[in-house]
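Trainee: I've got a protein and DNA model open on my screen. Could you walk me through it?
Mentor: Sure, let's look at it together.

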Protein chains: 2
Amino acid sequence: MDRRPLRPAAKAAAARRLIRAAGERLTAPRAAVLAVLLEARSALTHHEIEATLATTFPVDRVTVYRVLDWLVALGLAHRIPGEDRSWRFGASRAPAHGPHAHFTCTRCGTTVCLEDVAVPPAVKLPRGFRPQKVELTVQGLCAACR
Amino acid sequence: MDRRPLRPAAKAAAARRLIRAAGERLTAPRAAVLAVLLEARSALTHHEIEATLATTFPVDRVTVYRVLDWLVALGLAHRIPGEDRSWRFGASRAPAHGPHAHFTCTRCGTTVCLEDVAVPPAVKLPRGFRPQKVELTVQGLCAACR
DNA sequence: GAGCCCGGCGCAACCGGATTGCATCTGCGC
DNA sequence: GCGCAGATGCAATCCGGTTGCGCCGGGCTC
């Protein structure tokens, strides 16, 4: 949030660096998709990612899906289930991120990650249930839609 | 959670009463769907609802969807977006329920509503954003899947 | 209790996001 | 430069959800 927007080229370099650092195979689609995520100020749907790439470096629909899954598995991105039954993806700030919070605009669907959120309190679960991940979702209107 | 299971018949009567009380048209499918939700100890997918009804009172797929939407609009049920890209529905305990918490099992997908959860702390949003609803989702393993 | 009418129901077709199968291509270790 | 495991692209497919439309029946009227 509120990070200063670097030039796309810088993001592209960062994307390549991240993939290399992960010891994974560096391919053009992977770098391109990750760069898009790094540049975005909000979580993007698969469709938005594909549309963004279309102008600069067209990547097959299916490949985008696969790259996204791969990024999620690698921990470089995370996937947010939306109200509209489609995934949204955002670059992970921290390598391993704990409790996570998101804001979704009920009007335009824009989803952003809230970085500075107090860790939600320990939740009381039914007997025998084991918590693994806690997610806080806030719905409302974004600044543009008000 | 942990409410004692009444007999199906009792739930069916309760369902009819709720629909009547809402001043809405009472039909067999509506009562049947609502009864299923009232009986369930967890939030159900459309598929589970349909399957449950199949043995006792088969209802058309589309009708189930429409009844569910109608119940949600009426406030008698609420809809939870799942990790598997399908809605889950649960009967609303309180007429108008504020902050809501859910637990989803990452293994079997079972989703339950957590009733007694401390209201999440006020979340700090970006400038100009207006919150409307807060949802807390806990993922982990349910007692059966551990 | 019978008739009427509006809204709910069932059927079938459809939509779009996501997934799978498979042949081809390519990053990168040697 | 070579080779191969793994990534890409294309087409077909799946599946949860939605829409259009004609028929049916809940509940109000008389």
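**Two chains on DNA**

Trainee: Which residues come nearest to DNA strand C?
Mentor: Count a residue as near if one of its heavy atoms lies within 4 Å of the strand. There are 21 residues around DNA strand C, and those that come nearest are A:L26, A:W87, B:T27, B:T63 and B:R66.

Trainee: Before we go on, how are things numbered, and what are the limits?
Mentor: Residues count from 1 along each chain as its sequence is written, chains are lettered from A and ligands numbered from 1 in the order in which they are written, and side-chain values use heavy atoms, with hydrogens and water left out. This is a predicted model, where local features need pLDDT of at least 70 and side-chain atom pairs count only at pLDDT 80 or more, while totals for chains, interfaces and linings use all residues.

Trainee: What is the distance between the side chain of A:R61 and a base nitrogen of DNA strand C?
Mentor: Sugar or phosphate makes up 63% of the strand C atoms within 4 Å of the protein, and the rest belong to bases. Polar contacts here are pairs of N or O atoms within 3.5 Å; within protein, one must be able to donate a hydrogen and the other to accept it, and residues adjacent in sequence count only if both atoms are side-chain atoms. On the phosphate side, a polar side-chain atom of B:T63 lies 2.7 Å from a phosphate oxygen, and a backbone N or O atom of B:D60 lies 3.4 Å from one. For the base nitrogen and an N or O atom in the A:R61 side chain, the distance is 2.9 Å.

Trainee: Which helices each supply at least two residues of the surface near DNA strand C?
Mentor: Helices are DSSP runs (H or I, at least four residues), strands likewise (E, at least two), numbered from the N terminus. Both chains take part: helix 4 (61-74) of chain A, plus helix 2 (28-39) and helix 4 (61-74) of chain B.

Trainee: And which residues are closest to DNA strand D?
Mentor: Here 57% of the strand D atoms within 4 Å of the protein belong to sugar or phosphate. Phosphate oxygens of strand D are 3.0 Å from a side-chain N or O atom of A:R30 and 2.9 Å from a polar backbone atom of B:L26. Of the 22 residues that surround the strand, the closest are A:T27, A:R66, B:R25, B:R61 and B:W87.

Trainee: What symmetry relates chain A to chain B?
Mentor: Superpose them by least squares on the C-alpha atoms of residues with pLDDT of at least 70 in both. Chain A then lands on chain B with an RMSD of 0.2 Å, after a turn of 179° and a shift of 0.0 Å along the axis. That relation is a two-fold axis.

Trainee: How much area is buried between chain A and chain B?
Mentor: Taking contact as heavy atoms within 4.5 Å, 36 residues from chain A and 36 residues from chain B are involved. Buried area is the accessible area (1.4 Å probe) that two parts lose on being put together, summed over both. Carbon and sulfur atoms give 62% of it, and the total is about 3400 Å².

Trainee: Which element of chain A gives the most to the side that touches chain B?
Mentor: The rule finds ten residue pairs in polar contact across this interface (both at pLDDT 80 or more). Strand 5 (111-114) and strand 6 (130-141) of chain A each supply at least two residues of that side. With twelve residues, the top contributor is strand 6.
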